[in-house]
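Please work through the exercises below with the sequence and the coordinates open beside you. Each task is followed by a solution that proceeds step by step.

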Amino acid sequence: MPAKKLSTTKWTLSPDRCFDVNPTQRKVARQIYGTVKDLPIVSPHGHVTPALLADPNARFGSPADLFIIPDHYVFRMLYSQGINLAELGVPTRDGPVEGADHRKIWQVFAENFYLFRGTPTGLWLADELTTVFGVDEKLNGRTAMAIYDHLESELAKPEFSPRALFKRFNIEVLCTTDAASDTLEGHKSLKAEGWTNIRPTFRPDAVINLEAENWDQNIQKLAEVSGYDIDTYATFSQALQERRAYFKMMGATSTDQAAITPFTERLSGDKAEKIFSRALRGKLHEDDAARFMAHMIIEMARMSVEDGLVMQLHAGSYRNHNARLFKVYGADKGADIPVTVEWTHNLYNLLNEFGNDPRLTLILFGLDESTYSRELAPLAGHYPSVLLGPPWWFHDSVNGMTRYLDQVMETAGLYNTAGFNDDTRAFVSIPARHDVWRRVTSNWLAGLVGKGLIDLDDALEMAQETSYRLAKKAYNLA
Amino acid sequence: MPAKKLSTTKWTLSPDRCFDVNPTQRKVARQIYGTVKDLPIVSPHGHVTPALLADPNARFGSPADLFIIPDHYVFRMLYSQGINLAELGVPTRDGPVEGADHRKIWQVFAENFYLFRGTPTGLWLADELTTVFGVDEKLNGRTAMAIYDHLESELAKPEFSPRALFKRFNIEVLCTTDAASDTLEGHKSLKAEGWTNIRPTFRPDAVINLEAENWDQNIQKLAEVSGYDIDTYATFSQALQERRAYFKMMGATSTDQAAITPFTERLSGDKAEKIFSRALRGKLHEDDAARFMAHMIIEMARMSVEDGLVMQLHAGSYRNHNARLFKVYGADKGADIPVTVEWTHNLYNLLNEFGNDPRLTLILFGLDESTYSRELAPLAGHYPSVLLGPPWWFHDSVNGMTRYLDQVMETAGLYNTAGFNDDTRAFVSIPARHDVWRRVTSNWLAGLVGKGLIDLDDALEMAQETSYRLAKKAYNLA
Amino acid sequence: MPAKKLSTTKWTLSPDRCFDVNPTQRKVARQIYGTVKDLPIVSPHGHVTPALLADPNARFGSPADLFIIPDHYVFRMLYSQGINLAELGVPTRDGPVEGADHRKIWQVFAENFYLFRGTPTGLWLADELTTVFGVDEKLNGRTAMAIYDHLESELAKPEFSPRALFKRFNIEVLCTTDAASDTLEGHKSLKAEGWTNIRPTFRPDAVINLEAENWDQNIQKLAEVSGYDIDTYATFSQALQERRAYFKMMGATSTDQAAITPFTERLSGDKAEKIFSRALRGKLHEDDAARFMAHMIIEMARMSVEDGLVMQLHAGSYRNHNARLFKVYGADKGADIPVTVEWTHNLYNLLNEFGNDPRLTLILFGLDESTYSRELAPLAGHYPSVLLGPPWWFHDSVNGMTRYLDQVMETAGLYNTAGFNDDTRAFVSIPARHDVWRRVTSNWLAGLVGKGLIDLDDALEMAQETSYRLAKKAYNLA
């Protein structure tokens, strides 16, 4: 930080943050947390680009490049208060903003940093700025430029390169998310260098969602990389399986899919061919895309049974709700809004085909918290194949985690959950996110001990599981 | 109170009520609350009749008139336990109960006051009786008559007139709710006397809901007051805009609407004309009313963009669920039951037309708490036009507020909410209701401080916002 | 326990379990709990087989017979972690597993007992093992056989017969659940012996659900026991009424029904006849079963108005979700998964016919917690006939009860609820389940006292109500 202090109050985070105010519970929480806080980070699902680590010379850019411009968690809050995305340097579909003044962007962000009070993004940013970068004054309009200078100078140092931070963060394994047609160049370089702890994840959304933007180009690309001439459903299916095998060879242990609804339905081969053929001809009937998706979710389960890749399913986000913004700026601009999700009826067909199969691991993620206790926990608490993923997206927060633990654990039991994953594209936020999970779960376990529902031995073991082991086990990363 | 004490235990409310039991959190809650408890009351949405304040000689009537007969929060609980509305003096559609014995009504109420244990109504009543009226013995069958005597004698005093209490309550501004066809006589008198802090709110439900009781009479009335011959949709729309202008001139800063669902859909001018014409002829097709409402919600947003009135939307109450009761007693008899509400799909059309427009402020209220974290907070946390109203109706309670704060704030952020409004027709309950909000939010902030998630400086500022400033800003009452 | 200690740590449950960690609240909780913990148990709804008590010589069998083989709460958790039901001795449709090794079953259970950490089943089992059977070492793979030996020797003693435990458990009244066509042999014997505190409950699901397994055989059986030739809807309805009268004569005070949705709709007599006739001929149209159920729910209310039996309705469980398991093992194998439930629209027809009738008591149970505050509490807080049953099934847990109290009580008020019922088929778990309820409600009341929302006098009275009196009153067991 700059030599001249702007304020006498240092910006520090409480070492007891996220713990209950009650001193008895807090003491036990501290004790439990002490046994997990330094465990290596297992990050089995997220959106960090492999290029960041594949290129030894990669750097994070300016403070605005690092913290604001690419992070829709950050700029959607500023946007909601009337600040234009242009003012924040957010690139449009036409490309990055030419000559954007990153200091000006940072100033706007700092002046509005109070908007993040009490939010998870605010908590992560505070942790990143103070713990990772040693900022010691609260970010606001007055301190903005001094902090910018400080960050800029730190980011220039080799110890703040992505690879240096990867090491400092003690990340044992990091899984990225990659399109089915991706050639995994970054992963190839990493492999060539001998890295084995950065792994791809197979994500076929762009080709199995027949209404995806540029679906035909995506299919074309898939055809090229797979070597299959994709002119039928059968060749499409073969191409997918070939790509899964390739991803697996490159280190992948899992796949991922997003769907607005987890509706599943098996189509006859003939029906699947007809729909796929209409898609190729650009002549989809009304519910073709929905039925094809429903079929492909089951197909992904079938392929998982065959090749052993763990299957992830994220359901319930209405993508790009703000059509005007989407037209100018494209996807992932903070305008994805959750909807209700129905799991019990919708997964029936998939689970009755593969739910009892010991070869399948299906990890479910949702944004409709009303399903935690009603549907998800009972499903995970019965089907051998089903695990529940951690609280997702908006619910990856102190209260979101607390609700999840409250509503899921009594019915599903801890051992039918998949530990934590950070699901982030903001690499520098990874330790902060895992730390919140470790704190909140330690505090939850301390509460169970305090209420006499488990003993401390149980709590200490459960903390190891939920901070570290369950994720490794669920994703076959052991 | 009567000279002769009926009991040795005084009825007092804890000065720390609503605060967490933990002494550390309680201490901070007390400190925060101390900075907001005496702030003026901003009441931007409610159902107090302006006549109560427009007439300097208005009085509250008997204790039964004040606390029981007009308050469906009170008599619905008694009704649920088998007490007839007739026994409580509740007027039927034919008018007030002739010769009702208000002492007898009070006796029944007092004997059953235990039913309100742990309910918000019980808490408000206790606060009103002790704080406003100085009752110092617990209300029950034994103390009923002595308390009745005391209240009767207090109510006769000039310092218990509505205007005197308005002053004593330190109400900075009070907004009423008024039908689109209302001539605002009360508001006219108040304005003539120089009052500027009692404002109307434009509520067009009775004319935009084509299935409203007496819709044709309502339209007739609207035609009369607006001077428009309403024989087409176009003239109907003009009449509405004229009335909005009149309300604005009379001090209104906002509108309000209720809908069972927030479904929005733009109709073509031709389609709107056809439906409106069928309504005038009493020949509605099956979904005419629903589609017209969907269209008019967007139209209200358009008019707000043009005239600057803040738009409120209350969704999800199934009105008059008890058809037999409705037939005899009419509306607002405690038989309105909430239903699920879907916001993400339903508001899509409105938000894509006006959601990014800086001229629109749309405040959303719902009774389906499962939408807090799933839909409402993400919408408010993205769209510049959307704010969330405070917990509504059944959820205007200690736990209801706590759930709201828990489920909304992390995603929406405090600054995308609209502070508090009491939404009451029970004028005397206004301070009690605001006090519960100030207590619960102070306690929530103290919890965030205690858990190390914000610092005390932040908490003190946030308390000012949520107790006072946000409501003024949201409703343009600054 | 065996003389030789396997460990130095004794397995004891905290006397303060389920109470808040805060010492102030805990102290009050302890005080309140002290006044209710020894109250007699009123168990107005459950699934204990009357045979267990009707036969003075009945015994519980082996530890595996008692704790594992018949309890789907237990084996569904083991199944979810990949343990086959066969390995656990769970009988298939073809009958019990021949020559199952109960020690081996117990060993598997003990090795996996950690899966129940933090679950209600884990808490009940710990209470049963330590409190009822005096086990004093934690159950795990190492202690399994010693504990098995101990249990086996205890179970052989006369003081561990069902009747002895019934007395020891201080059960004032126990209601069983019995098919409409049941001849109530067990109840007859008990009556003949002079028992008056074990009562049947009339459950007509197997005959009113036209799609029930073996519906025609069920109807045949109903015809036989009622003496009616059931060849029309009219005779069917008469047979039901005759059976209700018989159950009432045998001590029943209530009926019970399960439905996936509480949809209600009155059919004309002609329509009902037509559907019933199609059912008899095995030629159901698509929604015949759903509409007939909707009609019969109203009919059950009508009959209740006439004969005074309290009506229970359990809605929202998708039974036998795992079709493969169902085919081999039959019903009640831990594969019932909840779905969303809508009450407001669905109960409209029933409530408008009978909701205001003082002769009807309708107790509602659901698994969709999002309806607690949205629909159920408002319905119970208005309609004189409606009471809310306690948290059901998955939600019969510390957190489930806490959510129920949080979300129901402010709107419904305590007095519109029906106290507790254990709903169990595991006889030995009855005291443990009632104890959790008494602890959690005592703690809830202590919280209200601590937060200054009720006083201790209120709390003590409310504790009596919810632990004992409300259930007796709701079920007419006074």
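The exercises that follow concern a predicted model, and they treat chain contacts, the relation between copies, a sheet and two helix pairs.

**Exercise 1.** Describe the side of chain A that touches chain B, first by its extent, then by its elements and its residue classes.

Solution. Begin with the extent: the contact joins 42 residues of chain A to 39 residues of chain B. Next, look for elements of chain A that give two or more residues to this side, which are α4 (72-80), α6 (120-132), α15 (323-329), β9 (337-338) and α18 (398-412). Of these, α4(A) gives the most, with four residues. Finally, sorting the residues of this side of chain A by class yields 19 nonpolar, 16 polar and seven charged.

**Exercise 2.** Carry out the corresponding description for the side of chain A that touches chain C.

Solution. Here chain A contributes 39 residues and chain C contributes 42 residues. The elements of chain A that each supply at least two residues are α1 (23-36), α16 (348-354), α17 (370-380), α18, α19 (430-450) and α20 (456-474). The most comes from α17(A), which gives seven residues. By class, this side of chain A has 14 nonpolar, 18 polar and seven charged residues.

**Exercise 3.** Which rotation and which shift superpose chain A on chain C, and what kind of axis does this imply?

Solution. Two copies of a chain are related by a rotation about an axis and a shift along it. For chain A and chain C the rotation is 120 degrees and the shift along the axis is 0.0 Å, with an RMSD of 0.0 Å; the relation is therefore that of a three-fold axis. The copies use different surfaces, since 5% of the contact residues of chain A recur in chain C.

**Exercise 4.** Establish the strand order of the open sheet in chain C, and explain why its edge strands each have a side without a neighbour.

Solution. The open sheet consists of three strands in the order β1-β2-β4 (chain C), and the pairing is parallel. Because β1 (41-43) and β4 (198-199) of chain C each have a single partner strand, they stand at the edges, and one side of each is left without a neighbour in the sheet. To inspect one pairing, take β2 (residues 171-175) of chain C, which runs parallel to β4(C) and is joined to it by two bridges. In β4(C), Ile198(C) is the residue opposite Leu174(C).

**Exercise 5.** Classify the packing of α13(C) against α14(C), and of α17(C) against α18(C).

Solution. Two packed helices are described by the angle between their axes and the distance between the axes. For α13 (residues 269-280) and α14 (residues 288-307) of chain C, the axes come within 10 Å and cross at roughly 130 degrees, so α13(C) is oblique to α14(C). This crossing is left-handed. From α13(C), Ala272(C), Ile275(C), Arg278(C) and Ala279(C) meet Asp288(C), Arg291(C), Phe292(C) and His295(C) of α14(C), a contact with four nonpolar, one polar and three charged residues.

For α17 (residues 370-380) and α18 (residues 398-412) of chain C, the axes lie 8 Å apart at an angle of about 40 degrees, so α17(C) is likewise oblique to α18(C). In this pair the crossing is right-handed. The residues in contact include Tyr372(C), Leu376(C) and Ala380(C) of α17(C) and Tyr404(C), Val408(C) and Ala412(C) of α18(C). The contact as a whole has eight nonpolar, three polar and no charged residues.

Key:
Residues numbered from 1 in each chain as written. Chains lettered and ligands numbered in written order. Predicted model: local features only at pLDDT ≥ 70, side-chain atom pairs only at ≥ 80, totals over all residues. Contact = placed C-beta atoms within 7 Å. Nonpolar A, V, L, I, M, F, W, Y, C, P; charged D, E, K, R; others polar. Pairing = 2+ DSSP bridges. Least-squares fit on C-alpha atoms with pLDDT ≥ 70 in both. Axes fitted to C-alpha atoms, helices over the stretch in contact; angles between N-to-C directions. Parallel < 35°, antiparallel > 145°, perpendicular 65-115°, else oblique. Left-handed = near helix turned anticlockwise from the far one by under 90°.
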